[in-house]
Amino acid sequence: MAMRVDSIETGALEQARPRRLQLLRQLARKKIAIVALVWIVIFYGAGFFAPLVAPHDPNRQELSVEARLQSPSGEHLLGTDRLGRDILSRVIYAARTTMLFTLIVTLSGSLFVGLGLGLLAGYRGGWVDAAIMRVGEVLAGIPGLLIILAISAAFRPRINDAAFWLKDNSFLGDDARPIVFFLVIVAATILFSWVGSARIVRSQVLAIREQEYVLAAEALGASTWRLLLRHVLPGVLPIFLVGLSGGMAGIAGTEMALSWLGLGVDPSTPSFGSLLFEARGVRTFQEFPHLLLGAGIPVVLFFFAWNLLGDALVDLAEPRTRGR
Amino acid sequence: MGLGLAGYLVRRLLWAVPVLIAVSMLVFLALRFTPGDPVDTLLGNRYDEELAAQLRARYGYDQPIPVQYVKYVQNLLQGDLGVSTKHVDFSVAEVILPKIRVSAAMGIMAVVVGFGLGIPIGVFAARRRGSFLDPLTIGSWLLLDSIPVFVVVPWAMWLFALTLGWVNLSYGGVFHPNIILPVLLISLPGVAGVARIMRASIIQVMGEDYLRTARAKGLREWTVVTRHLMRNALLPMITVIGLALPGIFAGALFTELLFGIPGVGREYLEALLARDYDVVLALVLFGSALFVFANIAVDMAYGFIDPRVRVGAARETG
């Protein structure tokens, strides 16, 4: 029995594997998508290895008149800000914040919650499906950023209390405050980020569960979770990834918007939002353009890369609109 | 038409009620369950126990939270949105209506610009498909879409106001020429979105059989394009227009802050920070209601315009 289930499993995987590889191979043929992918890898790599890559401590201040607001030089490649901090190092650490935020939100929100609920809704059907989809409809039907802002602003005093308590009573110490602030905006964003992927996954599951190999595995008595993970999931994955890449810029943008407004990450955590907030004045830009350009250009390229990649993937997934 | 569409409309409208209740409860609880209330903000350094207690009793904040919520909903159903604590002695309606007027005017202008530019660009890209002009048009608009407002605004202000001297940055009302720059900046990302969808839509329609038929039976190219191609290709635009309006409404927050425009986005943020409960709730409910009703309006519009998706059509014909 077990052997037979195994052989059916490999059959399903064999069917799924070429599809995934095909998508990758087609993607490799699009030069623009490769360039975009390279920039995303550099961005995330810089964020991941921030302590190794950053030339200075992003929070070390130098308040002497010569040290503040320096233009780019050999010592400070992107210059320094109002407090004499090295902007390149702050940008690299901000990339780390963006990396952590997008990864945690997509892994927990889109992948774990969205994929999980989508699989469940599509496979189980009935009241489970109805309940999940209704909740999703409520969340998709309201302006997310307004609610995330309200949650973040309303909970801020309470977060401070919690952070002080954690600082004294846990191993986190001084890191407690930034971590708690970070987790609150992660949680608020996840609340809205799972709906899109859950919908995509559900509609795919509805189509796939009618396939013969799923029926065969079901008939052989494979458990629900085994069925979902080994048979349905591989078929859902390509479309799911297309949807995911389209949402990445939006998720990263949410963190930047919140931090720009002072309702995002802790002020001690470098973020593109706070970097750009410090550079917002028109007179500031006139006198010290490196403040805005140093932080702004990497961000614009980051969004542009995700948009190009998402566009290329959609083109591959929907060949009807592809150029002939 | 008939009962099918009406019944569908009633169902959708009824569904909007639990959505709005859920949103109002979520925000109400988030505001009430956290320390610090409007009275703290109002009194600030002059905080005085006795005065604070008086004020709390006046606004009803001394009552248990469920009682406050029920009272709020009761007042809301009678058209009373409550009072503002930040703008002392002003009702919420008096505070938010002028802001809504400003944001609505700007939103409508931005939608007009967005579609006025986006549709021709999308058509252009679709007609030049296969040549280098197609990826170039779409690519350059994708780039514009990638520039966050808080990056482009200081740069644009510097270029157009300080360097070229074409515009003035002070806010002079919604119909003052100074509004041109912020409106353009709000609408540019929308142009990219509209152009992409328009391009995809045109390419899809160009592959349809009825278009080949129209050409084959010898219709003039102009008739084919206006009657058959554009009519069908513009259908998805209903969704985009319907959903763009409330989106622009909420998304103009940063532009309003940077240009000092007194719109809903700025009022919302200030009310949040001042814990002006009733103003926050009124704006959240207003924004959510716009979203919900825009969705319904889009679906209904499809029913009227495109007979293929008419709800209840099967019952009529069959």
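Student: Is L42(B) buried, partly exposed or exposed?

Tutor: The model is a predicted one, and accessibility is read from it as a relative value, with buried meaning under 20% and exposed over 50%. L42(B) has 25% relative accessibility and therefore counts as partly exposed.

Student: Where does L42(B) lie, and which residues does L42(B) touch?

Tutor: L42(B) belongs to helix α2 of chain B, residues 38–43. Leaving out residues up to four places away in sequence, L42(B) touches L55(B), Y59(B), T85(B) and V88(B). Separation in sequence should be read beside separation in space: A274(B) is 232 residues from L42(B) along the chain, yet the two C-alpha atoms are 8.0 Å apart.

Student: What share of the contacts in chain B joins residues at least 24 apart?

Tutor: Among contacts between residues at least 6 apart in sequence, the share is 74%.

Student: How many helices and strands does chain B have, and why is chain B described as more spread out than a compact globule?

Tutor: Chain B has 15 helices and 0 strands. Its radius of gyration is 25 Å, well over the 20 Å given by the globule rule for 318 residues, so chain B is more spread out than a compact globule. Along the principal axes, its C-alpha atoms fill a box of roughly 85 × 65 × 30 Å. Of the 318 residues, 44% count as buried.

Student: In chain A, is T98(A) buried or exposed, and what surrounds T98(A)?

Tutor: The same cut-off applies, under 20% for buried; T98(A), at a relative accessible area of 1%, is therefore buried. T98(A) sits in helix α4 of chain A, residues 87–124. Beyond its neighbours within four places in sequence, T98(A) is in contact with F43(A), A252(A), E255(A), M256(A), F272(A) and F302(A).

Student: How should the interface of chain A and chain B be read?

Tutor: Extent comes before chemistry. Contacts involve 43 residues of chain A and 49 residues of chain B. The two chains bury about 4200 Å² between them, 75% of it on carbon and sulfur atoms. Between chain A and chain B the count of salt bridges is 0, and 3 residue pairs are in polar contact. On the side of chain A that touches chain B, α5 (126–140), α6 (144–169), α9 (224–260), α11 (282–287) and α12 (289–317) each supply at least two residues. The residues of that side comprise 27 nonpolar, 7 polar and 9 charged.

Student: How many salt bridges are there over all chains, and which parts of chain A does the pair E278(A) and R85(A) link?

Tutor: The whole structure holds 10 salt bridges. The side chains of E278(A) and R85(A) form one, at 3.8 Å from N to O. This pair links distant parts of the chain, 193 residues apart: E278(A) lies in helix α10 (residues 272–278), and R85(A) in the loop between α3 (50–53) and α4. E278(A) is partly exposed at 26%, whereas R85(A) is buried at 9%.

Student: Which parts of chain A do R202(A) and D129(A) link?

Tutor: The side chains of R202(A) and D129(A) meet in a salt bridge of 2.6 Å, N to O. The pair joins helix α7 (residues 176–208) to helix α5, across 73 residues. R202(A) is partly exposed at 22%, and D129(A) is buried at 12%.

Student: What separates E270(B) and R266(B) within their helix?

Tutor: These residues form a salt bridge, with the closest N and O atoms 3.7 Å apart. Both lie in helix α13 of chain B (residues 264–273), and because they are 4 residues apart, about one helical turn separates them. Both count as partly exposed, E270(B) at 33% and R266(B) at 23%.

Student: Which residues do salt bridges that share partners join into one network?

Tutor: The network consists of D81(A), R85(A), R90(A) and E278(A).

Conventions. Residues are numbered from 1 along each chain as its sequence is written. Chains are lettered from A and ligands numbered from 1 in the order in which they are written. This is a predicted model: local features need pLDDT of at least 70, side-chain atom pairs count only at pLDDT 80 or more; totals for chains, interfaces and linings use all residues. Side-chain values use heavy atoms; hydrogens and water are left out. Contact means heavy atoms within 4.5 Å. Buried area is the accessible area (1.4 Å probe) that two parts lose on being put together, summed over both. A salt bridge is a side-chain nitrogen of Lys or Arg within 4 Å of a carboxyl oxygen of Asp or Glu. A polar contact is a pair of N or O atoms within 3.5 Å; within protein, one must be able to donate a hydrogen and the other to accept it, and residues adjacent in sequence count only if both atoms are side-chain atoms. Ala, Val, Leu, Ile, Met, Phe, Trp, Tyr, Cys and Pro count as nonpolar, Asp, Glu, Lys and Arg as charged, and the others, Gly among them, as polar. The radius of gyration is taken over C-alpha atoms; the globule rule is 2.2 Å times the number of residues to the power 0.38. Buried means under 20% relative accessible area, exposed over 50%, partly exposed in between (1.4 Å probe, protein chains only).
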